[in-house]
Amino acid sequence: VETAGPAVVHIGVLKGNRPAGVGSGLVVASDGLILTNSHVVSGAGAIKVSMADGQKSDARVIGEDPHSDIAVLRTDVHLAAPALSFFDSKAIHKGQLAIAIGNPLGFEQTVTAGVVSATGRSMRSQTGRLIDDVIQTDAALNPGNSGGPLVDSRGRVIGINTAVIRGAQGIAFAVASNTANFVISEIIRYGAVRRAFIGVSADTV
């Protein structure tokens with residue numbers, strides 16, 4: 001927590017002049033590059049970010065991928081934050097410690113702990129496309145945790161918290177760190193995630 005906590009940001013979204021939601025994010029580069037969920041900032045008119053040490057800035061979306069629920073922001077000023085490492089999500093296993101850091105229900109820098117309940121899950125994004133290699137955890141997540149990091153006991157990022165099943169207890173999901181890394185690199189290089197596709201037609205014979 002001491003390692004990852006200072007890099008977690010509070011994200012406030014405005015539509016017009018009215019608050020439209022809050023979420024969490026993770027500083028991935030000190031020049032103001034922030035990783036969060038696409039559903040947190042989608043359609044935002046303005047984005048405000050703040051850190052636990054008082055740093056604040058406006059931010060803008062430089063790219064988002066609704067298919068994986070990942071978005072990349074850039075702030076107007078550089079943010080002093082520790083450099084965090086992304087752990088290979090293929091190397092995590094059931095039962096290992098998982099720590100979620102975020103801003104649930106507006107309570108900043110909240111830490112919840114649990115274990116990795118399962119790996120390799122699939123879930124539907126808001127676009128209907130399957131997100132593969134999703135991590136299931138029982139670390140408590142609430143509205144506002146979205147976009148915050150899921151870290152291991154060494155403070156290494158293993159996932160980006162993204163969803164809960166309402167009404168269920170101890171079932172939450174995070175986009176794997178490997179997926180997040182891929183999306184970040186695609187957005188920085190090309191502005192969007194490039195995906196291969198094929199055309200398939202069918203007929204009754």
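In the predicted model, strand E9 gives the largest share of the lining of the second largest pocket, 4 residues. This pocket has a volume of about 190 Å³. Its lining consists of His67, Ser68, Arg129, Leu130, Ile131, Asp132, Asp133, Thr179, Phe182, Val183 and Arg195. Two or more of these residues come from each of strand E9 (130–137) and helix H2 (177–190). By residue class, the lining contains 4 nonpolar, 3 polar and 4 charged residues.

Asp133, one of the lining residues of the second largest pocket, is located in strand E9. Its phi is positive, about 60°, although Asp133 is not a glycine. Asp133 has a relative accessible area of 16% and is therefore classed as buried, the cut-off being under 20%. A positive phi also occurs at Leu105, again a residue other than glycine, with a value near 55°. Leu105 belongs to the loop that connects strand E7 (97–102) with E8. The relative accessibility of Leu105 is 56%, so this residue counts as exposed, the limit for that class being over 50%.

The largest pocket encloses about 860 Å³ of space. Its lining comprises 40 residues, and those that lie nearest the pocket centre are His39, Ser146, Thr162, Ala163 and Val164. At least two lining residues are supplied by each of strand E1 (8–15), strand E2 (18–29), helix H1 (38–41), strand E8 (110–124) and strand E11 (157–164). The lining of the largest pocket divides into 17 nonpolar, 17 polar and 6 charged residues.

Strands E1 and E2, which both contribute to the lining of the largest pocket, are also part of a barrel. The barrel is closed by 6 strands in the order E1-E2-E3-E6-E5-E4, with antiparallel pairing. From one strand to the next, the twist averages 40°.

Several pairings within the barrel can be described in detail. Strand E3 (residues 33–36) is joined to strand E6 (residues 70–75) by 4 bridges in the antiparallel sense. In this pairing, Thr36 stands opposite Ala71 of E6. On the other side of E6 in the barrel order is E5, and E5 and E6 pair antiparallel over 6 bridges. Val61 has Leu73 in E6 as its bridge partner. E5 and E6 form a hairpin with 4 residues between the strands, and Asp69 in the turn takes a positive phi of about 60°.

Strand E4 (residues 46–51) runs antiparallel to E5 and is joined to it by 4 bridges. Within this pairing, Ser50 is placed opposite Lys56 of E5. The hairpin of E4 and E5 likewise has 4 residues between its strands, and Gly54 in this hairpin has a positive phi near 100°.

Strand E5 (residues 56–65) also contains Ser57. With a relative accessible area of 9%, Ser57 falls under the 20% limit and is therefore buried. The Ser57 side chain reaches the backbone nitrogen of Asp76 at a distance of 3.2 Å. This distance lies within the 3.5 Å limit, so the pair meets the distance criterion for a polar contact.

Definitions and conventions:
Residues are numbered from 1 along each chain as its sequence is written. This is a predicted model: local features need pLDDT of at least 70, side-chain atom pairs count only at pLDDT 80 or more; totals for chains, interfaces and linings use all residues. Side-chain values use heavy atoms; hydrogens and water are left out. On a 1 Å grid over the protein atoms alone, a cavity is a set of points where a 1.4 Å probe fits but cannot get out, and a pocket is an open set with protein on both sides within 12 Å along at least five of seven lines; lining residues have an atom within 4 Å of a point. Grid points are joined across faces, edges and corners, and a volume is the space filled by probe spheres set on the points. Ala, Val, Leu, Ile, Met, Phe, Trp, Tyr, Cys and Pro count as nonpolar, Asp, Glu, Lys and Arg as charged, and the others, Gly among them, as polar. Two strands pair if DSSP finds at least two bridges between them. Axes are lines fitted to C-alpha atoms, for helices over the stretch in contact, and angles run from 0 to 180 degrees between N-to-C directions. Buried means under 20% relative accessible area, exposed over 50%, partly exposed in between (1.4 Å probe, protein chains only). A polar contact is a pair of N or O atoms within 3.5 Å; within protein, one must be able to donate a hydrogen and the other to accept it, and residues adjacent in sequence count only if both atoms are side-chain atoms.
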